[in-house]
Amino acid sequence: MRGHDWINTCLPDELIVEIFRRLDSKSTRDSCSLVCHRWLSIDRLTRSSLKIGSTGNPDFFLRHLSHHFSNVTSLHVDERLSISPPPPSYFGKRRSRGNSKVSSEENNGGGGDAESLCLSDDGLNVIADGFPKLEKLSLIWCSNVTSGGLISLASKCTSLKSLDLQGCYVGDQGLAAVGQCCKQLEDLNLRFCEGLTDKGLIELALGVAKSLKSLGVAVCAKITDSSMEAVGSHCGSLEILSLDSEFIHNQGVLAVARGCPHLKVLKLQCINVTDDALKAVGANCLRLESLALYSFQKFTDKGLCAIGKGSKKLRNLTLSDCYFLSDKGLEAIANGCKELTHLEVNGCHNIGTLGLQSVGKSCRHLTELALLYCQRIGDAGLLQIGLGCKFLRTLHLVDCSSIGDEAMCGIATGCRNLKKLHIRRCYEVGNKGIIAVGNHCKLLTDLSIRFCDRVGDEALVAIAEGCSLHYLNVSGCHQIGDDGVIAIARGSPQLCYLDVSVLQNLGDTGMIELGEHCPLLKEIVLSHCREITDVGVAHLVTRCTMLESCHMVYCSSITSAGVATVVSGCPNIKKVLVEKWKVSQRTKRRAGSIISYLCVDL
């Protein structure tokens, strides 16, 4: 029968719940929840996670949310986000009797002073009372919450398993209460918690000794080796540790290494830690899978040799600004950790070609390689990667001045599973290397070759013939013009992102072809393209109806009419970056919220 509600008549709540669970995105589910009152009620009862900002009186907003989403298990509050609460009609009719304070707050848009715009201890009390099933809580940069609110929260949310207090100025008493009450806590992040001392973390370690699996500490000046000793002594189940502190020395890391044999992930940015600590990690943490070392100034190849000798299960290694490491240390890792899949070397100026050759010979399962600011690594290193690492899928090269076309040809012929290639300021890489990639790497979907002056249209034509790209960035490649972009447009109909900024030879012809052949394009960067005019932009937006972001700063041939065309012609546009003087008053009235300005006055 026409107009009959067959779905609500025939389907029980359980089936609708199952349908909601299979929806592919949050926005789709939000839309479905507004179809009718029944679907809204079902969505509220089954919604398990919420994410809000800290503007518009979050305490008051959370009180409303707790009345409607009682089964939430994950809550994320981020004071850096600016998320306006929905209108009062979303929550139903406002009460006017017996709650004049609430009505006043609503009428004032959530409070009149600055503190009301931030989550406070009252908000934590609301969370504690309103979300009794809470298991995961993130309070990011909520600077107004104190130990008092955290104590109340811990006493009521005893099922809490994950707590993120990044940037919260809570004290020792609050953290101790978490340790006493939340016996199932597994994940704790204390980054930038400047109010904490050893006393609080030690008491927490005693309280959650059996459950704690992940701990992050950064820029907490009063947390020292004593805290790490407590963690090592009591938290034997710890699997993930991230430390960023100049106040932690060997003593603390040694204690963790000896007391936490299940450690799988270790991230250290501790300038006072030396080889002795890494030797202990290698000797005791035999299950270590991921190691990241940042800005180490007091350890050498001896530490890496110990890791290579003991941590045979290591799969992920990041070395950043470790100035005293050399090829010898990387060779020890390659020979000892043959299951390595991810390697990043960033600014380690004494690691060169020989070290990378060792990786290529021994680490056959390598899938991701990033070399940043590695001036001493030459073509021979990457040639060996091409010969030995057949499963490589991702390659990042940044400011590697000794790597050129020969290396890229070796990667192309040997690593045919390559899906992502990002190259920036590698001036010896030219057409020959990129043409080889196009000829052999048929699975490539993500290509970025920024500021590679020797790459031109010929290379993009080969890429277009061999690969169907989803992401392309050729910013600053001055030899690329219309021919290369036209080839990409015709060969990559799935293209979603394109950055052609600073291409002086690219004009309207390329834009017309993109509009004709790339209907899925969502983001485009046209800044500093002097030859593109209003005509090219008009052709682009006519067909690319899914476009969400367009950057066109310093495009001297695009006028206010072109800006208006983008705003009016793209129904899904969310951001337009342009000079302020190119935006007419009519365009401002029509779409002021989506326009961003690089410079206020030019």
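**Exercise 1. Leaving aside its neighbours within four places in sequence, which residues is S245 in contact with?**

Before starting, note that this is a predicted model, where local features need pLDDT of at least 70 and side-chain atom pairs count only at pLDDT 80 or more, while totals for chains, interfaces and linings use all residues. Residues are numbered from 1 along each chain as its sequence is written, and side-chain values use heavy atoms, with hydrogens and water left out.

*Solution.*
- Find S245 in the loop between β7 (240-244) and α12; helices (H or I, at least four residues) and strands (E, at least two) are DSSP runs, numbered from the N terminus.
- Look for contacts, meaning heavy atoms within 4.5 Å. You should land on I223, Q269, C270 and I271.
- Now check the side chain of S245: one of its polar atoms sits 3.0 Å from the backbone nitrogen of F247.
- Finish with accessibility. S245 comes out at 7%, so it counts as buried (buried is under 20% relative accessible area, exposed over 50%, partly exposed in between, using a 1.4 Å probe and protein chains only).

**Exercise 2. Work out how α12 and α13 pack, and what their contact is made of.**

*Solution.*
- Take α12 as residues 250-259 and α13 as residues 275-284.
- Compare the axes, which are lines fitted to C-alpha atoms, for helices over the stretch in contact, with angles running from 0 to 180 degrees between N-to-C directions. The angle is about 0°, and the axes are 9 Å apart.
- The two helices are therefore roughly parallel to each other (angles under 35 degrees; over 145 is roughly antiparallel, 65 to 115 roughly perpendicular, and the rest oblique).
- List who meets whom: N250, V253, L254, A257 and R258 from α12 face D276, A277, A280, V281 and N284 from α13.
- Sort that contact by class, and you get 6 nonpolar, 2 polar and 2 charged residues. Here Ala, Val, Leu, Ile, Met, Phe, Trp, Tyr, Cys and Pro are nonpolar, Asp, Glu, Lys and Arg charged, and the others, Gly among them, polar.

**Exercise 3. Describe the backbone and surroundings of F192 and V219.**

*Solution.*
- Start with F192, in the loop between β5 (187-191) and α10 (198-207). Its phi is positive, about 60°, although F192 is not a glycine.
- With 25% relative accessibility, F192 counts as partly exposed.
- Move on to V219, in the loop between β6 (214-218) and α11 (225-234). V219 isn't a glycine either, yet has a positive phi of about 55°.
- V219 is partly exposed at 38%.

Conventions
Polar contact = N/O pair within 3.5 Å; in protein donor to acceptor, adjacent residues only side chain to side chain.
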